[in-house]
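This report covers one pocket, one surface patch and the salt bridges of a predicted model. The structure is shown first.

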Amino acid sequence: MSAVHQNVLGIVGRSGSGKTTLIEAMLPLLRARRLRVNVIKHSHHDITLEPPGKDSARFRAAGAQEVMIASPWRFAIMHELHGQPEPELAEQLARLAPADLTLLEGFKRQPIAQLEVYRPALQQLPLHAQSGSGIIAVASDAPPPPGAALPWLPLNAPEQVLDFILAQLRLA
């Protein structure tokens with residue numbers, strides 16, 4: 001991982017484990033600490049910002065490579081791939097504004113540090129049990145198993161999870 005991307009952390013886990021909820025809970029805590037944070041959410045679904053038939057969708061359908069929707073409150077850029085492969089993570093990161101921390105939701109196959117959100121009640125194998133994962137800790141709603149090899153954090157205490165993340169990335 002290059003120095004440009006040293007403050008990137010993936011939040012990974014099975015569907016329904018609470019990845020989005022954890023990120024959502026940590027964002028106001030990060031803002032309160034005056035840290036600038038970007039988030040990239042990886043999706044396996046098509047992305048729609050405006051309903052079909054609205055101006056931006058019509059521009060994309062007509063062949064525009066990029067369409068920016070801008071208002072006094074926010075802007076968004078939709079980039080059509082037109083059959084090209086999904087951009088590499090480094091390219092996606094390069095498009096973002098400078099930040100103190102970038103959280104990624106998903107991207108579990110990327111060679112970056114990751115925090116797994118794990119709920120045993122989902123009855124799915126944990127990702128940290130797979131060899132070759134970049135998982136540095138687990139946030140769970142259950143106690144750690146005997147002899148847990150990774151730090152085990154309380155999922156329902158986002159401030160404690162955040163303290164661990166910031167210490168690991170030396171942002172505390």
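The second largest pocket of this predicted model holds about 560 Å³ of space. It is lined by 25 residues, and those closest to its centre are H42, H44, E105, G106 and F107. Two elements give two or more residues each to this lining, α1 (19-32) and α3 (89-94). Of these, α1 gives the most, with three residues. By class, the lining has 14 polar, eight charged and three nonpolar residues.

E105, one of the residues closest to the pocket centre, also takes part in a salt bridge. Its partner is K41, and the closest N and O atoms of the pair are 3.1 Å apart. Since K41 belongs to strand β2 and E105 to strand β5, the bridge ties together parts that are 64 residues apart in sequence. What is the exposure of the two partners, buried or exposed? K41 is exposed, because its relative accessible area of 51% is over the 50% cut-off. E105 is buried, because its 6% relative accessibility is under the limit of 20%.

The model has eight salt bridges in total. Three of them are set out below.

| Pair | N to O distance | Location |
|---|---|---|
| K41 and E105 | 3.1 Å | strand β2 and strand β5 |
| R36 and D100 | 3.7 Å | α1-β2 loop and α3-β5 loop |
| R58 and D55 | 4.0 Å | both in helix α2 |

The side chains of R36 and D100 form another link between distant parts of the chain. R36 sits in the loop between α1 and β2 (37-41), D100 in the loop between α3 and β5 (101-105), and 64 residues separate them. R36 is partly exposed, at 46% relative accessibility.

The bridge between R58 and D55 is local. Both residues lie in helix α2 (residues 55-61), three residues apart, which is about one turn of the helix. R58 counts as exposed at 53% relative accessibility, whereas D55 counts as partly exposed at 49%. Elsewhere, R33, E159 and D163 are joined into one network by salt bridges that share partners.

The surface also carries a nonpolar patch of about 320 Å², made by M68, F75 and I77. I77 is found in strand β4 (residues 75-79). With a relative accessible area of 36%, I77 is partly exposed. That value is over the 30% that a residue needs to belong to a patch.

Technical notes
Residues numbered from 1 in each chain as written. Predicted model: local features only at pLDDT ≥ 70, side-chain atom pairs only at ≥ 80, totals over all residues. Heavy atoms only, no water. 1 Å grid on protein atoms, 1.4 Å probe; cavity = no way out; pocket = protein on both sides within 12 Å on 5 of 7 lines; lining within 4 Å. Points joined across faces, edges and corners; volume = space filled by probe spheres on them. Nonpolar A, V, L, I, M, F, W, Y, C, P; charged D, E, K, R; others polar. Patch = residues over 30% accessible without salt bridge, like charges linked within 9 Å, V, L, I, M, F, W, Y side chains within 5 Å. Areas by Shrake-Rupley, 256 points an atom, 1.4 Å probe, with all protein chains shown as cover. Buried < 20%, exposed > 50% of the residue type's maximum accessible area, 1.4 Å probe, protein only.
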